[in-house]
Amino acid sequence: MRLSLGTKFTATVLIILVITMAANTAYFLGTSARFHEQQLKERGQALGRLVALISP
């Protein structure tokens, strides 16, 4: 089976696009998870300081 030049080009562009989008999604998910974890730590520390101020 022979593929035309247009089909090969389209397939190549689609493969590159899929790989690029997958890498971008993986990076975004990792960055988002780190950001949310940092936010939770900061909120926990703030809550701990509040409890420490109230407890005496």
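Helices here are DSSP runs of H or I with at least four residues, strands are E runs of at least two, and both are numbered from the N terminus. With that rule, the protein chain comes out with 1 helix and 0 strands. This is a predicted model, where local features need pLDDT of at least 70, side-chain atom pairs count only at pLDDT 80 or more, and totals for chains, interfaces and linings use all residues. Residues are numbered from 1 along each chain as its sequence is written, and side-chain values use heavy atoms, with hydrogens and water left out.

**Overall shape**

- The C-alpha trace of the protein chain spans about 80 × 15 × 5 Å along its principal axes.
- The radius of gyration is 24 Å, whereas a compact globule of 56 residues would sit near 10 Å; the value is taken over C-alpha atoms, and the globule rule is 2.2 Å times the number of residues to the power 0.38.
- To get a feel for the spacing, take Leu5 and Gln38: they are 33 residues apart in sequence, and their C-alpha atoms are 50 Å apart in space.

**Surface and burial**

- Buried residues make up 0% of the 56 residues in the protein chain (buried means under 20% relative accessible area, exposed over 50%, and partly exposed in between, with a 1.4 Å probe and protein chains only).
- About 5,400 Å² of the protein chain is exposed, and carbon and sulfur atoms supply 71% of that; accessible areas come from the Shrake-Rupley method with a 1.4 Å probe, and for residues only the protein chains shown count as cover.
- Leu5 lies in helix α1 and counts as exposed, at 71% relative accessibility.

**Nonpolar patch**

- Leu47, Leu50, Val51, Leu53 and Ile54 make a nonpolar surface patch of about 540 Å².
- Patches are made of residues with over 30% relative accessible area and no salt bridge, joining like charges within 9 Å and nonpolar side chains (Val, Leu, Ile, Met, Phe, Trp, Tyr) within 5 Å.
- One of the patch members, Leu47, is found in helix α1, which covers residues 5-54, and is exposed with a relative accessible area of 52%.

**Salt bridge**

- The count comes to 1 salt bridge, meaning a side-chain nitrogen of Lys or Arg within 4 Å of a carboxyl oxygen of Asp or Glu.
- Glu37 pairs up with Lys41 in a salt bridge, with the closest N and O atoms 3.7 Å apart.
- Glu37 and Lys41 are 4 residues apart in helix α1, so about one helical turn separates them.
- Glu37 is partly exposed at 45% relative accessibility, while Lys41 is exposed at 54%.
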